Amino acid sequence: MFTGVNCSAAIGRHCEGFPGQELRKIIEDNNLFMELRKRNKRVRFADAYLVDDVSEIAARRFKSVTTVMALTVPESISLAEDLMSDRALMQDLTRETIQDRYPDIPVVTPQRSAEHLFRLALANDFTLYEFFQTDVSGHSMDYARACAVLRVYDRFLAALVRCTEAAGITLVMTADHGNIESIGERGHTRNPVPFIVFGPGEEWIRDRVNSLQDVTPAILEAFDR
């Protein structure tokens with residue numbers, strides 16, 4: 001999704017979880033954040049890492065695809081101080097999942113998190129937020145938990161869409177695989193995932209995306225118009 005490359009074909013297999021050396025190289029050589037920076041665009045990864053310095057993230061043995069990409073543009077990364085100052089979001093939106101470790105970081109509503117993300121979007125040309133509690137709850141096969149996660153996400157999206165629509169910001173939503181829509185399966189599904197675009201240029205962008213590898217090229221083309 002973040003490279004425009006069919007990575008499964010390139011490395012000869014599908015890679016779940018953390019990318020290995022082959023996949024990391026593909027991401028580090030070329031990705032959405034790097035291409036936008038070449039165009040002098042301001043990019044931001046809105047999910048906060050609860051560390052004080054980017055070097056602590058770089059030193060980690062296991063990194064997600066998004067982390068590998070963000071590290072190629074270090075200034076895009078949000079740290080603990082950003083979260084404390086409401087310049088970043090937690091991956092659960094409300095910060096409830098970190099209260100046992102970080103009780104000094106206040107809980108917020110999903111609507112407030114939407115406001116924080118909106119302010120980041122106003123300050124940057126491209127802002128990425130990754131919500132993966134849907135994936136976690138899908139793996140749990142816990143229907144009540146999945147419903148609770150979706151209710152939080154609904155409240156967040158409702159507030160975010162109102163903000164982006166009023167400001168003329170284009171909102172893009174998609175996923176790299178299915179999961180929560182089939183709560184009876186513990187693993188990822190093979191169901192088609194939605195690709196939703198709302199705002200200026202929405203039809204133009206949607207018309208250019210038929211698979212995950214089309215997402216990055218379509219976004220870059222939109223900036224080049």
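# Notebook: salt bridges, charge and backbone in a predicted model

**Entry 1. A charged network.** I began with the charged side chains and found Glu35, Lys38, Arg39 and Asp224 linked in a network of salt bridges. I note at the outset that the model is predicted. I then asked how many salt bridges the count comes to. The total is 14 salt bridges. I kept in mind the general point that side chains of opposite charge can pair when their charged atoms come close.

**Entry 2. Arg37 and Glu75.** I looked up the side chains of Arg37 and Glu75 and found that they meet in a salt bridge, with 3.1 Å from N to O. Arg37 belongs to helix H3, whereas Glu75 sits in the loop between helix H5 (65-71) and H6, so this pair ties together parts that are 38 residues apart in sequence. I checked the exposure of both partners. Arg37 has a relative accessibility of 33% and therefore counts as partly exposed. Glu75 is also partly exposed, at a relative accessible area of 47%.

**Entry 3. Arg95 and Asp86.** I turned next to Arg95, which forms a salt bridge with Asp86. The closest N and O atoms of this pair are 2.9 Å apart. Is Arg95 buried or exposed? I recorded Arg95 as buried, because its relative accessibility is 2% and the cut-off for buried is under 20%. Asp86, by its relative accessible area of 26%, is partly exposed.

**Entry 4. Glu202 and Arg206.** I examined a salt bridge inside one helix, that of Glu202 with Arg206 in helix H10 (residues 202-206). Here the closest N and O atoms are 3.8 Å apart. The two residues are 4 residues apart in the helix, so about one helical turn separates them. Glu202 is partly exposed at 25% relative accessible area, and Arg206 counts as partly exposed at 31% relative accessibility.

**Entry 5. A negative patch.** I moved on to the surface and asked which residues form a negative surface patch. I listed Asp52, Asp53, Glu56 and Glu81 as its members. I followed up Asp52, which lies in the loop between strand E1 (43-45) and helix H4 (54-58). Asp52 is exposed, since its relative accessible area is 64% and the limit for exposed is over 50%.

**Entry 6. Positive phi at Asn40 and Leu93.** I searched the backbone for positive phi outside glycine. Asn40 is not a glycine, yet its phi is positive, at about 60 degrees. I placed Asn40 in the loop between helix H3 (32-38) and E1. Its relative accessibility of 65% makes Asn40 an exposed residue. Leu93, again a residue other than glycine, has a positive phi near 75 degrees. I found Leu93 in the loop between helix H6 (80-84) and helix H7 (110-123). With a relative accessibility of 0%, Leu93 counts as buried. I therefore noted two loop residues with positive phi, Asn40 being exposed and Leu93 buried.

**Entry 7. Two separations.** I looked up Asn31, whose place is in the loop between helix H2 (21-29) and H3. Asn31 counts as buried, given its 0% relative accessibility. How far apart in space are Asn31 and Tyr153? From C-alpha to C-alpha I recorded 27 Å, for a pair that is 122 residues apart in sequence. I then took Glu221, which is found in helix H11 (residues 215-224). Glu221 is partly exposed, at a relative accessible area of 38%. The C-alpha atoms of Glu221 and Arg208 are separated by 9.4 Å, the two residues being 13 residues apart along the chain.

**Entry 8. The chain as a whole.** I closed with the overall description. The protein chain contains 11 helices and 4 strands. Its C-alpha atoms fill a box of roughly 40 × 40 × 40 Å, taken along the principal axes. I compared the radius of gyration with the value for a compact globule. For 225 residues that value would be near 17 Å, and the protein chain has 17 Å, so the two agree. Finally, I asked what share of the 225 residues is made up of buried residues. The share I entered for the protein chain is 42%.

Conventions: Residues numbered from 1 in each chain as written. Predicted model: local features only at pLDDT ≥ 70, side-chain atom pairs only at ≥ 80, totals over all residues. Heavy atoms only, no water. Patch = residues over 30% accessible without salt bridge, like charges linked within 9 Å, V, L, I, M, F, W, Y side chains within 5 Å. Areas by Shrake-Rupley, 256 points an atom, 1.4 Å probe, with all protein chains shown as cover. Salt bridge = Lys/Arg side-chain N within 4 Å of Asp/Glu carboxyl O. Lys, Arg positive; Asp, Glu negative; His and termini not counted. Charge placed at Lys NZ, Arg CZ, Asp CG, Glu CD. Buried < 20%, exposed > 50% of the residue type's maximum accessible area, 1.4 Å probe, protein only. Rg over C-alpha atoms; globule rule 2.2 N^0.38 Å.
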